[in-house]
Amino acid sequence: METQEISRILLDQADRLFAQHLTREARAAAETGAWPENLWQAVAAAGLPLAMVPETAGGAGLAPGDALRLVRRSGFHALPLPLAETMLGNALWVATGEKPLAQPVSFSATPPTGLRGAGDNAILDGDAGAVPWGDVAWLLVVAEDAAGGRHLALVAPPEAALPQRRNLAFEPRPKRHLAGVRPVALRPAPRLAAPGLRPLGAILRAQQMVGAMERALDYALLYANERQQFGRPIGKFQAVQHMLASAAGQFAAATAAADQALEAWGGADVEFAAALAKARVGEAAGKIAEIVHQVHGAMGFTQEHPLHFLTRRLWSWRDECGNEAEWQRVIGARVMQAGGEALWPMLAGA
Amino acid sequence: MGPLAPAGPGQSPGLPLRGEAFGGMVGEDGGEAGMQGLRFDAVELPRAAAEARARVRAFLRAERAAGHYAAHRNSWNSFDPAFSRRAGAAGFIGITWPSAYGGAEQSSLVRFVVTAEMLAAGAPCGAHWIADRQSGPQILRHGGERVKREILPRIAAGECFFAIGMSEPDSGSDLAAVRTRAVRDDAEWVINGAKIWTSNAHRAHYLIALTRTGEAGPDRHGGLTEFIIDLARPGVSVRPIHNLSGGHEFNEVVFQDYRVPDDMRVGAVGEGWRMVTSELAFERSGPDRFLSDYRLLVELIERLRGQDDPRSAEALGRLVAHLAALLRMSTAVAGLLDRGENPAVEAALVKDVGTQFEREIPEIARLLVSCEPSLEEDDRFAETLAHVTLHAPSFTLRGGTREILRGMIARGLGLR
Ligand SMILES: Cc1cc2nc3c(=O)[nH]c(=O)nc-3n(C[C@H](O)[C@H](O)[C@H](O)COP(=O)(O)OP(=O)(O)OC[C@H]3O[C@@H](n4cnc5c(N)ncnc54)[C@H](O)[C@@H]3O)c2cc1C
């Protein structure tokens, strides 16, 4: 079978799995901050957390592009689990030569933390910031030793519960301090982690946002064709049509930006690709969220209507792992350094 | 009940949503409609495109080295017949056409790369632009053999230029309202009426005119026919219309008993609407819809170069992220055209997003570099900013207004 075919089947399976398990009750429960163990078990049984792990190491061996499309689908379904995080964590951990981890894994998107001492005596020094599902998940951080060497440190979940802190979509984002924490294991940082984990996280969030936007827009189109006012569907009004057409333009541009990032994964300049993706997708996220709510009227402002599962994620994810301004500065600094004539080859190819 | 399902009808009377739509994957089963219907698939450029890129870059470097043009002054509207002849001789016009008609038989992805390179380098490619972009391809597909043999090789050589004769005084966005009439007289047609906003009519050799030859019919799209008009022949006169900055780019074109042989017809009699729609797909999809003022972006970066100003970096970074996405979207549309598909909705999207981007550049540039723009200014940035500011309103009008495009996109999304 073609690998393309295999990945399509896997994506379809994931779609069905998410749809089947994401009942209204499961969603509501997850939003209280409780860990959705049953949901996680179902996702783990399907092998999704190991999607990016090579087959030789017991994973599904998806190409990075396909794995990131799976991340996009998890966004489409507003999946309340650290699936993207665990996929990344396992890919990184296995890249150090270790076995994949059986538990959920999360990462810190802050700059590398400090590291004191060496080997078994190494101790982390720093702050992991807001860690997705940081109270239940194992944590990967990039740590830098005194000599500037970069390591990937695996940290166990905290022993005592962390103060509850959730993002706008009520996904757990507790803050975790690492001063004096002893990692469970310390490995030389694999190549993928060389630029730190923030760009990789930014690419994950960009993919999730594209998925969530797609579904939010699908809702808005459905609603525009069904909701009647003045004796006809609101989608017949030109003002509504133009809002949705402009949202479609934002979506197409965001998709293009996210696509270039999934092609760049593992390549020489992941940071630049991440910057383009997070800056463009983040901007589209805000505009699309605004438009889909406008189209839905008061109905979209209710808890009843599922639109908010998507838009609250868009509002959170656009700020996680760096907002638009941060990544725009990364791009802008490079461009200002290289000069005007260097821009075109940078984008179109040397 | 499905994943993001709203509460059942009992809990929420009158919830105006289709419950089952949330169980199924909305947009995937929805066929054409919905966001899944948009086709912006990744395109792998053929090796020939990379080769062409290298060749056109070398050609343009040599042009600049020879002092043939100053990049910051140009866009695809800059009319320079000598440049076009050299570009034609170098094989950069009519790239996709059969060699029998002077073409190089390359894929439209190669053409996409060549035209994007020309725009990015600020080459004055306006003289041959319309002939290469839409008139030539239109003649190749729907023209008669004599016309193809006579005209296409001259276009490809960069010696023959075209204008577009669609708009009329009472027919702008509502193109189906054209009134210029063509009446059959044996082997000829006699044309009376007027076209307006006809770019370059005063310096082009031909235009393709959309004329009325019969009844419009209930859908208003019937009874239209396209003809190639030789602007050197009697019966057609061109009167300048100066644009807001005083420049002479567009015109009024008046037909008084202009006689055109039947074999100058493009497409069948009465098929003009189909002709004009296919012409517009070429017209809307290209890199000219987001690179019109690319040189201003380049000059802006040059002005900010080496500075360590976070506000500038942010603004530039944003524009570059937009540009990167547009380049990719536009490449995807070129890929669809290359496969012979009709990407009307995708092209409209690229043009809408692309022209919005073009219109933002001068507005952002003027706030980052304080300067009073002037066309009479030695400073390249100030001159480019002046030129772009004075042309920006046309970006979202020509080739179909933003509002008309958004209507098309909405239809493509399944609204209406
Ligand atoms: C620089 C330039 C060069 C041009 N070159 C050529 C050329 O070479 N050949 C040629 O044939 N034409 C040319 N045009 C004409 C161009 O195609 C028309 O300007 C365009 O199609 C709009 O027509 P209009 O100007 O008559 O505006 P109108 O159609 O009168 O529109 C005026 C305003 O009303 C809006 N509007 C109209 N209908 C609707 C609707 N149904 N819903 C919502 N809003 C609507 C429009 O969006 C616009 O904002 C050129 C125009 C410019 C500016």
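This report describes the enclosed space and the aromatic contacts of a predicted model.

## Basis of the description

In this predicted model, local features need pLDDT of at least 70 and side-chain atom pairs count only at pLDDT 80 or more, while totals for chains, interfaces and linings use all residues. Residues are numbered from 1 along each chain as its sequence is written, chains are lettered from A in the order in which they are written, and side-chain values use heavy atoms, with hydrogens and water left out.

## The largest cavity

A cavity is a set of points on a 1 Å grid over the protein atoms alone where a 1.4 Å probe fits but cannot get out, and its lining residues have an atom within 4 Å of a point. The structure has 3 cavities of 30 Å³ or more, and the largest holds about 110 Å³, taken as the space filled by probe spheres set on the points, which are joined across faces, edges and corners.

Its lining consists of 15 residues, with N74(B), S75(B), S292(B), H387(B) and V388(B) nearest the centre.

## Aromatic contacts

Rings of Phe, Tyr and Trp (its six-membered ring) pair if their centres lie within 6.5 Å, and their planes count as stacked under 30 degrees apart, edge-to-face over 60 and tilted otherwise. There are 12 such pairs over all chains. One of them, W344(A) with Y294(B), is edge-to-face, at 5.6 Å centre to centre and 70° between the planes. W344(A) is buried (under 20% relative accessible area, with exposed over 50% and partly exposed in between, for a 1.4 Å probe and protein chains only), at 5%, and Y294(B) is buried at 2%.

F59(B) and F92(B) form a tilted pair, 5.2 Å centre to centre with 55° between the planes, and both residues are buried.

Notes: On a 1 Å grid over the protein atoms alone, a cavity is a set of points where a 1.4 Å probe fits but cannot get out, and a pocket is an open set with protein on both sides within 12 Å along at least five of seven lines; lining residues have an atom within 4 Å of a point.
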